[in-house]
Amino acid sequence: MSKGRVCLAYSGGLDTSTILKFLINDGYTVVCFLANVGQEEDWKEVEAKALKLGAERMVIRDLQAQFVTEIVFRATQCNAIYEDRYLLGTSLARPIIAREQVRVAQEFKCDILSHGCTGKGNDQVRFVLRAIASVPAEVLLDTEANAQ
């Protein structure tokens, strides 16, 4: 019997692959989610890796149009550049990704959200706050705290 259904924001990298295996070994059923916001990625390879590690399914959504129309245009209009150098693509994409992760979690009846962001940066905050704004009753699994 599964402890619960987790929707994991999965990139196919070391951190999220380790989290995926940790969750499965701890008794959770995991649906992996990856957003295409324009990055170069071998989508089939990421899907194959997630399934090989034990994910129930891998959901890949194309969010490029949403990202550009809802975020990039506005960021460009207000010259959103950090320290006159960084274009903020990753940080601007997080709310779009987190919002879609909540939708995927609802679609596949997941009761827990998980991600691979560390507590060292702002990405964790972006994911969690967007999830709370999307579904206040959602449970967020802090894999960092549970890994200890």
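Two strands are said to pair if DSSP finds at least two bridges between them. With that definition in hand, the reader may turn to the structure above, which is a predicted model. Strand β1 and strand β4 (residues 112–114) meet the requirement, for three bridges join them, and the two run parallel. Within this pairing, V6 stands opposite I112 of β4.

Strand β1 also has a partner in strand β2 (residues 29–36): five bridges connect these two strands, which again run parallel. Here A9 has F33 of β2 as its bridge partner. Helix α1 (residues 14–25) belongs to the same region, since β1, α1 and β2 together make a right-handed β-α-β unit. How is β1 itself placed with respect to the rest of the structure? Four of the five residues of β1 (residues 5–9) are buried, so the strand is largely enclosed by the rest of the structure.

It is useful now to view the chain as a whole. The chain contains six helices and five strands. Followed along the sequence, these elements give the pattern β-α-β-α-β-α-α-β-α-β-α. Of the 148 residues in the chain, 37% are buried. The chain exposes about 8,700 Å², and carbon and sulfur atoms supply 52% of that area. Contacts may also be sorted by separation in sequence: among those between residues at least 6 apart, 73% join residues at least 24 apart.

The interior comes next. In soluble globular proteins, nonpolar side chains tend to be buried together. In this model, the largest nonpolar core has 18 residues, and C7, F33, V37 and V104 are those with the most contacts inside it. The elements that contribute two or more residues to this core are β2, α3 (64–77) and α4 (89–107). Helix α4 provides the largest share, namely six residues. What does V104 touch, apart from its neighbours within four places in sequence? V104 is in contact with C7, V31, F33, V59 and R61. A second core, separate from this one, has 15 residues and includes Y28, V46, A50 and A55.

Residue C7 leads to the matter of disulfides. How many disulfides does a search of the whole structure find? The search finds zero. For C7, the nearest cysteine sulfur is that of C110, 5.0 Å away. This pair does not count as a disulfide because the definition requires the two sulfur atoms to lie within 2.5 Å. As for C110, its nearest cysteine sulfur is in turn that of C7. C7 has 0% relative accessibility and therefore counts as buried. C110, at 8% relative accessibility, likewise counts as buried, because the term applies to values under 20%.

The last residue to consider is W43, which is found in helix α2 (residues 43–53). Its relative accessibility is 23%, so W43 counts as partly exposed. Leaving aside neighbours within four places in sequence, W43 is in contact with L34, A35, N36 and I60. W43 may also be compared with S11: the two are 32 residues apart in sequence, and their C-alpha atoms are 9.8 Å apart in space.

Notes:
Residues are numbered from 1 along each chain as its sequence is written. This is a predicted model: local features need pLDDT of at least 70, side-chain atom pairs count only at pLDDT 80 or more; totals for chains, interfaces and linings use all residues. Side-chain values use heavy atoms; hydrogens and water are left out. Buried means under 20% relative accessible area, exposed over 50%, partly exposed in between (1.4 Å probe, protein chains only). A crossover is right-handed if, with the strands pointing away from the viewer, the path from the first strand over the helix to the second runs clockwise. A nonpolar core is a set of buried Ala, Val, Leu, Ile, Met, Phe, Trp, Tyr and Cys residues joined through side-chain atoms within 4.5 Å. Contact means heavy atoms within 4.5 Å. Accessible areas come from the Shrake-Rupley method with a 1.4 Å probe; for residues, only the protein chains shown count as cover.
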